[in-house]
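Work through the exercises below with the model open beside you. Try each task before you read its solution.

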Amino acid sequence: ISSVSPRISSTRGGSTLTVRGRHFGSLLSRGYTAETYGDFAVYVGGAQCLNTTFFSDEMVTCVSPPGIGAAWVSFNISDGGLSRSGVREAGVAYPLALYGGVEAGAGSSGGVLRVRPA
């Protein structure tokens, strides 16, 4: 995995992430060629992304799960008995700030605002 964008997601999740890298689906990584490939998943901080879509050997998209803090992004391909994966450490950040009882998390698909009693 060479890059993930956007690098910031809402703590609620729901951001569409573009994951770029190499060999997500190709003769080299799969042992066969096809227009599209299945049997793959993207994870952010250990939680599986939703709506993962294969676009090319170098790009997939997915919808981020909820989270807090810096999270690694991983990609896993499983074709029968053959499995491959890649990781991007701190690929996505779920910022969370606490200001005098007001908790605000920012993200590309909206934010979270919770007011806590003082």
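A polar contact is a pair of N or O atoms within 3.5 Å; within protein, one must be able to donate a hydrogen and the other to accept it. Keep in mind that this is a predicted model.

**Exercise 1. Place Ser 9, decide whether Ser 9 is buried or exposed, and find the side chain with which the side chain of Ser 9 makes a polar contact.**

Step 1: locate the residue. Ser 9 sits in the loop between strand 1 (3–5) and strand 2 (16–20).

Step 2: check accessibility. The relative accessible area of Ser 9 is 0%. Buried means under 20%, so Ser 9 is buried.

Step 3: find the partner. The side chain of Ser 9 reaches the side chain of Ser 64 in a polar contact of 2.8 Å.

**Exercise 2. Describe the make-up of the protein chain: how many helices and strands, and in what run of elements?**

Step 1: count the elements. The protein chain has one helix and eleven strands.

Step 2: read them from the N terminus. The run is β-β-α-β-β-β-β-β-β-β-β-β.

Step 3: look at burial. The protein chain has 118 residues, and 38% of them count as buried.

Step 4: look at contacts. Take those between residues at least 6 apart in sequence; 55% of them join residues at least 24 apart.

**Exercise 3. Work out how strand 5 and strand 6 pair, and in which order the strands of their open sheet stand.**

Step 1: recall the principle. Strands of a sheet pair through backbone hydrogen bonds, either parallel or antiparallel.

Step 2: assign the sense. Strand 5 (residues 50–56) and strand 6 (residues 59–63) are antiparallel, with four bridges between them. Two residues form the hairpin connection from strand 5 to strand 6.

Step 3: match residues across the pair. Phe 54 has Val 60 of strand 6 as its bridge partner. Leu 50 is opposite Val 63 in strand 6.

Step 4: widen the view. Four strands make up an open sheet, ordered 1-2-6-5, with antiparallel pairing. Strand 1 and strand 5 each have a single partner strand, so they stand at the edges, and one side of each lacks a neighbour in the sheet. From one strand to the next, the twist averages 20°.

**Exercise 4. Classify the ring pair of Phe 40 and Phe 75.**

Step 1: choose the descriptors. A pair of aromatic rings is described by the distance of the centres and the angle of the planes.

Step 2: search. The whole structure holds two aromatic pairs. In one of them, the ring centres of Phe 40 and Phe 75 are 5.6 Å apart and the planes lie at 20°.

Step 3: apply the cut-off. Planes under 30 degrees apart count as stacked, so the pair of Phe 40 and Phe 75 is stacked.

Step 4: place the pair in the chain. Phe 40 belongs to strand 3 (residues 40–44) and Phe 75 to strand 7 (residues 69–79); they are 35 residues apart, so the pair links distant parts of the chain.

Step 5: check burial. Phe 40 counts as buried at 15% relative accessibility, and Phe 75 is buried at 3%.

Step 6: extend the picture. Ring pairs join Phe 40, Phe 54 and Phe 75 in a cluster.

**Exercise 5. State how many disulfides a search of the whole structure finds, and whether Cys 49 and Cys 62 are buried or exposed.**

Step 1: recall the bond. A disulfide is a covalent bond between the sulfur atoms of two cysteines.

Step 2: search. The whole structure has zero disulfides.

Step 3: check accessibility. Cys 49 has a relative accessible area of 4%, so Cys 49 is buried. Cys 62 is also buried, at 1%.

Conventions. Residues numbered from 1 in each chain as written. Predicted model: local features only at pLDDT ≥ 70, side-chain atom pairs only at ≥ 80, totals over all residues. Heavy atoms only, no water. Disulfide = S-S within 2.5 Å. Buried < 20%, exposed > 50% of the residue type's maximum accessible area, 1.4 Å probe, protein only. Pairing = 2+ DSSP bridges. Phe/Tyr/Trp six-rings, centres within 6.5 Å; stacked < 30°, edge-to-face > 60°. Axes fitted to C-alpha atoms, helices over the stretch in contact; angles between N-to-C directions. Contact = heavy atoms within 4.5 Å.
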